[in-house]
Protein chains: 2
Amino acid sequence: MLTERQLLILKVTVDDYIQSAQPVGSNQLAKKPGITSSSATIRNELAELEGQGYLEKTHTSSGRIPSQKGYRYYVDHLLTPNPVPQQDIVQLRSVFEEKVNETEEIIKRSAGILSELTNYTSILLGPDIRKHIVKKLSIVPLSPGMAVAIIVTDSGHVENRVFSIPPDLDPSDIEKMVNILNERLIGVSLYDLHKRLEQETLALLRQHIERYGELFRTFKQALLLPRADNVYYGGKLNILKQPDFHDIQKIRELMNVMEEGKHIPEILPIGAQGLQIRIGSENALAAMEDCSVITVSYDIGDEQMGSIAIVGPKRMDYRRIVSLLDYVSGDLSKELTRLFQGK
Amino acid sequence: MLTERQLLILKVTVDDYIQSAQPVGSNQLAKKPGITSSSATIRNELAELEGQGYLEKTHTSSGRIPSQKGYRYYVDHLLTPNPVPQQDIVQLRSVFEEKVNETEEIIKRSAGILSELTNYTSILLGPDIRKHIVKKLSIVPLSPGMAVAIIVTDSGHVENRVFSIPPDLDPSDIEKMVNILNERLIGVSLYDLHKRLEQETLALLRQHIERYGELFRTFKQALLLPRADNVYYGGKLNILKQPDFHDIQKIRELMNVMEEGKHIPEILPIGAQGLQIRIGSENALAAMEDCSVITVSYDIGDEQMGSIAIVGPKRMDYRRIVSLLDYVSGDLSKELTRLFQGK
DNA sequence: GTTAGCACTCTATCAGTTCGAGTGCTAAGA
DNA sequence: TCTTAGCACTCGAACTGATAGAGTGCTAAC
């Protein structure tokens, strides 16, 4: 159990360390407004806080820095929210000023602005494209042996793949195929597309198209791998600005993990509601043990659509980021919903 | 003028420094196979080479490292080509093993493999999409106020933009518009598209569509900004692997320059034929004064289509990279031509 | 022209020193 | 009993020689 004074000292210590990146000493704390005790008393309290595991020393006669437990307590109990400054709001809303109609573009730009405002790295996860609904399918022949398949979804997302076709295929067969596909597959989600393709259209295609086999096989294969590149980064290089990261080896590991898309699920707790903070080793990845990640989800309509994450050092400005993400999440939900309610 | 022996010593010095990243001393050189003189003689020669500006010292009693002029001479006169090892070839050709049909995908994967093989950063510039020819235009309505415009080019590239339409627009008007656009604009290059759109179709649209004005305006605006994202990177983080780069500030500048697309024309000498090597300050950008860039162009058919660049430290393995790029350029030209001759 | 030998220079490293920031403890004071 | 002044102590950072070693340039002999 911590006394009032201990709580105050813990808060001020963490705040100061977040700001200065230097271990905080008792004399320094004694000078802070709001603290009335002498440095000796503070020393006793610091020793107590260290004993309880909230603070640490870097060496025997150094000042204190927050431990992981200290950050956790600070975040859970001592964080006083901070209204988002007007100029940050202006910059964030500039995304919607220009008439940008594409969800992807809006998310991409937001990522950039967030990283600029915070000096940390931002990761924005867009809506899962596999949930989108097929609006139209078409096939455009390019050359005797090649064609491109195009899928338009209700969100305006366009997927396209080049695939090979029998070189001597009758153009009318392609037309037939497109008609069958559209007749049967409009309204299906990209997620179900592959399964439904076989169930719904194979028999029909067999009836109407002479050499359906090869055509169907390459078309199906083209749709097989859904490119899930709905992850957008902002300020990947901001890690290099943080004094906390000086070891090039560690930086490389960290950037590597973020670069590779496959670790996204481990970085972002997908499906989690509301705002989440992961400090240091609370992160799933070993490469991120010196980082904190703050995530928040946003929605379009009633459905959760994506997440926003800010990755920074453990010594991150939690207060500012929490308010900022809170605002952005609400704003993005509102604007994207508006964009889509139009339909 | 340099004597035979001086040339030999220069070559061995550069080779050794490229390999070890340490200043090279006279004793070390004396032990090398092929060098018969004593270290004292070598010292005299080194002094001469330094006097002529080919070598430098890091401090008065240090070994020698190549100067920019030294690298330049080495690259121009002392480089003996090296056959590309079979295992590199196997890895490079794996791009074409899987049935990947899209130019973009092939280039992207090549960038990845090149960076893996070299441990440097690779930048691949794809064909200029603005030269591509329109194969088909279509407009898919998404909701009463929104539609997506899709342009398919002869290369299989698909451009798409969401744009707004008058909410109460008659669907048949869109159909008419698409017909007019296709009738008039197929065969036009993306480069000319914007100009021709106005010239060729505006009058016709006016005749046939009631409220052509707003529709045409937003459609035209949607096509305005051609996303020129035909640049692919491999191994951006490889810079962090090079011992030559230890200053985080410099690394940041360098990565920044590469990250920002707008500097590409300065990094890659566009339009240059064949293989180009830029060493240190020969690069246009100040941030790259410690780098060397080796570029090569590749073609599809008779037309120059793009460039490949490898960015590394000045102390780059020129011999290996030159052979490798030479091979990749030829291979890529051949395979992409084959892919497109199909048409 | 080449090379052995030697004095010289500079770096890297290690031990020793000092300085200052900060701690923990003790004892006196409120 | 809690607070605080005072003091001894610890440790890192920064500086100082001292030393070893790598490498150079020069000279004189071959």
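What rotation and what shift along its axis superpose chain A on chain B? I looked this up at the outset, noting that the model is predicted. A rotation of 180° with 0.1 Å of shift along the axis brings chain A onto chain B, at an RMSD of 0.1 Å. I therefore recorded the relation as that of a two-fold axis. I then asked how far the two copies share a contact surface, and found that 97% of the contact residues of chain A recur in chain B, so the same surface serves both copies.

**Entry: contact between the chains**

I listed the residues on each side of the contact: 31 come from chain A and 30 from chain B. On the side of chain A that touches chain B, strand 4 (134–143), strand 5 (146–153), strand 6 (158–164) and helix 10 (248–259) each supply at least two residues. I sorted this side of chain A by class and obtained 15 nonpolar, 9 polar and 7 charged residues.

**Entry: DNA strand D**

I next looked up the protein residues around DNA strand D and found 20. The closest are A:H59, A:T60 and A:S61 from one chain, with B:G25 and B:S26 from the other. At least two residues each of the surface near strand D are supplied by helix 3 (39–51) of chain A and by helix 2 (26–31) and helix 3 (39–51) of chain B. Helix 3 of chain B gives the largest share, 4 residues. By class, I noted 4 nonpolar, 14 polar and 2 charged residues near strand D.

**Entry: DNA strand C**

Which residues come nearest to DNA strand C? Of the 20 around it, they are A:G25, A:S26, B:T41, B:T60 and B:S61. Helix 2 (26–31) and helix 3 of chain A, together with helix 3 of chain B, give two or more residues to this surface. Here the largest share, 4 residues, comes from helix 3 of chain A. The surface near strand C divides into 4 nonpolar, 14 polar and 2 charged residues.

**Entry: a helix pair in chain B**

I examined helix 1 (residues 4–20) and helix 4 (residues 68–78) of chain B, whose axes come within 10 Å and cross at roughly 110°. Angles of 65 to 115 degrees count as roughly perpendicular, and I therefore entered helix 1 and helix 4 of chain B as roughly perpendicular to each other. Helix 1 brings B:L7, B:L10, B:K11 and B:V14 to the contact, while helix 4 brings B:G70, B:Y71, B:Y73, B:Y74 and B:L78. I classed the residues of this helix contact as 7 nonpolar, 1 polar and 1 charged.

Methods
Residues numbered from 1 in each chain as written. Chains lettered and ligands numbered in written order. Predicted model: local features only at pLDDT ≥ 70, side-chain atom pairs only at ≥ 80, totals over all residues. Axes fitted to C-alpha atoms, helices over the stretch in contact; angles between N-to-C directions. Parallel < 35°, antiparallel > 145°, perpendicular 65-115°, else oblique. Contact = placed C-beta atoms within 7 Å. Nonpolar A, V, L, I, M, F, W, Y, C, P; charged D, E, K, R; others polar. Near = placed C-beta within 6 Å. Least-squares fit on C-alpha atoms with pLDDT ≥ 70 in both.
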